[in-house]
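This briefing is for a reader meeting the structure for the first time. The points below are grouped by topic.

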Amino acid sequence: MFKTTKIISVLAVLTALAISICGQDESPILIDTNLVNVNVTIGDRSGKYVEGLTRENFEIYDNDILQEISYFSAEEAPISFGIVYDMHPTTDERTKSVLQSLRRFVSGLRSQDDFFTLVFNRRGSLILDFVPSVNQINTHLAGRYREPNALYDAIYAATRKIRDRKNLKRVLLVITDTADHNSEHRFNDILDQFKSVDAKIYTILWDEAEEWNYSDIDSDGTRRIRKASAATNLDRAALQDLALRTGGGMQSPTAHTADELARIYKQIAFEMRKQYAIGFYPTALDGKTHQLMIKLRRVKDMNGMVLTYRTGYQVRSDQ
């Protein structure tokens with residue numbers, strides 16, 4: 001009798017421990033694939049992020065039809081980052097600064113975050129789950145010609161990869177001079193990709209038109225070599241349009257240093273963590289492109305607030 005009671009007690013403890021462990025699981029919640037998820041950033045007149053809103057403060061419209069909000073979260077959920085680094089044109093000094101800034105950034109990510117890097121130049125690309133060194137890039141891309149090796153193709157490939165990431169919040173950081181060099185994929189191909197995945201694009205633009213600042217002088221007193229850019233105003237406008245359509249943005253470093261780049265990445269991550277996640281189920285799985293609109297209600301001073309989110313999505317087909 002004593003042995004039986006002891007065994008039952010042990011089993012009870014083990015069961016309670018298993019329940020406790022499961023209750024502490026911080027894995028992302030699994031969401032139905034038909035759910036349309038929209039991440040929304042809200043800023044007030046002073047540019048500060050608006051926090052503390054609830055489900056009742058939002059209205060979401062699909063093709064001008066009010067939808068029932070089935071999922072809402074104001075928590076700082078984990079983020080998946082896809083980092084696209086365009087290495088042409090570039091210099092060894094710039095590459096070292098960019099890679100140093102990226103290593104600094106990813107070292108500060110939270111345990112539930114994840115990332116990948118896609119580094120490319122005219123010869124080819126590397127897709128890695130870590131930030132490579134200059135020597136690794138030079139070794140693995142030397143003498144190779146493989147795709148993607150142009151900007152739009154690289155963004156297209158990164159979009160396909162980030163689609164399969166586990167986190168609901170996803171962002172592509174695209175570090176480039178914005179010039180595309182003979183990509184097989186066009187701008188509209190990328191737009192079509194983003195209709196089926198809720199990911200934001202933030203472009204970090206190397207603006208070659210700006211003068212070098214004092215902080216762009218290396219520690220030994222030498223100035224870094226400037227490289228001519230092939231980017232046009234149309235190139236910049238296209239990437240800015242893509243960023244805005246996905247709810248992201250475009251930034252240009254005020255100084256071409258690792259510190260300045262790391263500051264920009266950190267600010268983008270902070271903005272992503274302050275987003276609200278809103279989800280609804282489409283009334284019809286017609287396979288068409290739908291327009292999204294989100295409004296606030298019963299929020300003080302809401303007329304002066306700016307909402308940033310993706311403006312459309314591709315509905316899944318029930319065929």
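In this predicted model, the buried residues of helix α7 are A258, E260, L261, A262, I264, Y265, I268, A269, E271, M272 and R273. They pack against strands β1, β5, β8, β9 and β10 and against helix α2. The chain around this helix has 319 residues, of which 48% are buried, and it holds 7 helices and 14 strands.

**Helix α7 and the largest core**

- Helix α7 covers residues 258-273, which is 16 residues. From its first C-alpha to its last it reaches 23 Å, close to the 22 Å expected at 1.5 Å a residue.
- The largest nonpolar core has 31 residues, and F81, L173, I175 and Y265 are the ones that touch the most other members.
- At least two residues of this core come from each of β5, α2, β6 (114-120), β7 (125-128), α3 (134-141), β8, β9 and α7. The largest share, 6 residues, is supplied by α7.
- Y265 is among the buried residues of α7. Beyond its neighbours within four places in sequence, Y265 is in contact with V98, S101, L102, F105, L173, I175 and I204.
- Another core, of 23 residues, lies apart from the largest one and includes L118, F120, A199 and I201.
- In soluble globular proteins, nonpolar side chains tend to be buried together.

**Helix α4**

- Helix α4 runs over residues 151-162 and has 12 residues. Its reach from first C-alpha to last is 16 Å, close to the 16 Å expected at 1.5 Å a residue.
- This helix is mostly covered, with 9 of its 12 residues buried. These are L151, Y152, D153, A154, I155, Y156, A158, T159 and I162.
- The partners of the buried α4 residues are strands β5, β6, β8 and β9, together with helices α5 (187-194) and α6 (233-245).

**An open sheet of four strands**

- One open sheet consists of 4 strands in the order β3-β2-β12-β14, and the pairing is antiparallel.
- The edge strands are β3 (65-67) and β14 (312-314), each of which pairs on one side only.
- From one strand to the next, the twist averages 35°.
- Strand β12 (residues 289-296) and strand β14 run antiparallel and are joined by 3 bridges. Across this pair, T289 of β12 stands opposite Q314 in β14.
- Strands of a sheet pair through backbone hydrogen bonds, either parallel or antiparallel.

**Individual residues and long-range contacts**

- G43 is found in strand β1. It counts as buried because its relative accessibility is 16%, and the cut-off for buried is under 20%.
- The C-alpha atoms of G43 and V306 are separated by 5.2 Å, although the two residues are 263 residues apart along the chain.
- Leaving aside neighbours within four places in sequence, G43 is in contact with K48, V50, G304, M305 and V306.
- Across the whole chain, 78% of the contacts between residues at least 6 apart in sequence join residues at least 24 apart.
- N63 is found in the loop between β2 and β3. Its phi is near 50°, a positive value in a residue other than glycine.
- N63 counts as partly exposed because its relative accessibility is 35%.
- R298 lies in the loop between β12 and β13 (306-308). R298 is not a glycine either, yet has a positive phi of about 55°.
- With 64% relative accessibility, R298 counts as exposed.

**Confidence**

- The mean pLDDT of the chain is 81, and 80% of its residues reach 70 or more.
- Confidence is lowest in helix α1 (residues 2-23), at a mean of 36. It is highest in strand β2 (residues 58-62), at 97.
- Which stretches have pLDDT under 50? Residues 1-31 are one of them, and residues 209-229 are another.
- For residues 1-31 the model has 7 contacts beyond four places in sequence. The stretch 209-229 has 38 contacts in the model beyond near neighbours in sequence.
- Where pLDDT is low, the predicted coordinates should not be read in detail.

Note on methods: Residues are numbered from 1 along each chain as its sequence is written. Side-chain values use heavy atoms; hydrogens and water are left out. Two strands pair if DSSP finds at least two bridges between them. Axes are lines fitted to C-alpha atoms, for helices over the stretch in contact, and angles run from 0 to 180 degrees between N-to-C directions. The expected span of a helix is 1.5 Å times one less than its number of residues. Buried means under 20% relative accessible area, exposed over 50%, partly exposed in between (1.4 Å probe, protein chains only). Contact means heavy atoms within 4.5 Å. pLDDT is the predictor's confidence in each residue, from 0 to 100. A nonpolar core is a set of buried Ala, Val, Leu, Ile, Met, Phe, Trp, Tyr and Cys residues joined through side-chain atoms within 4.5 Å.
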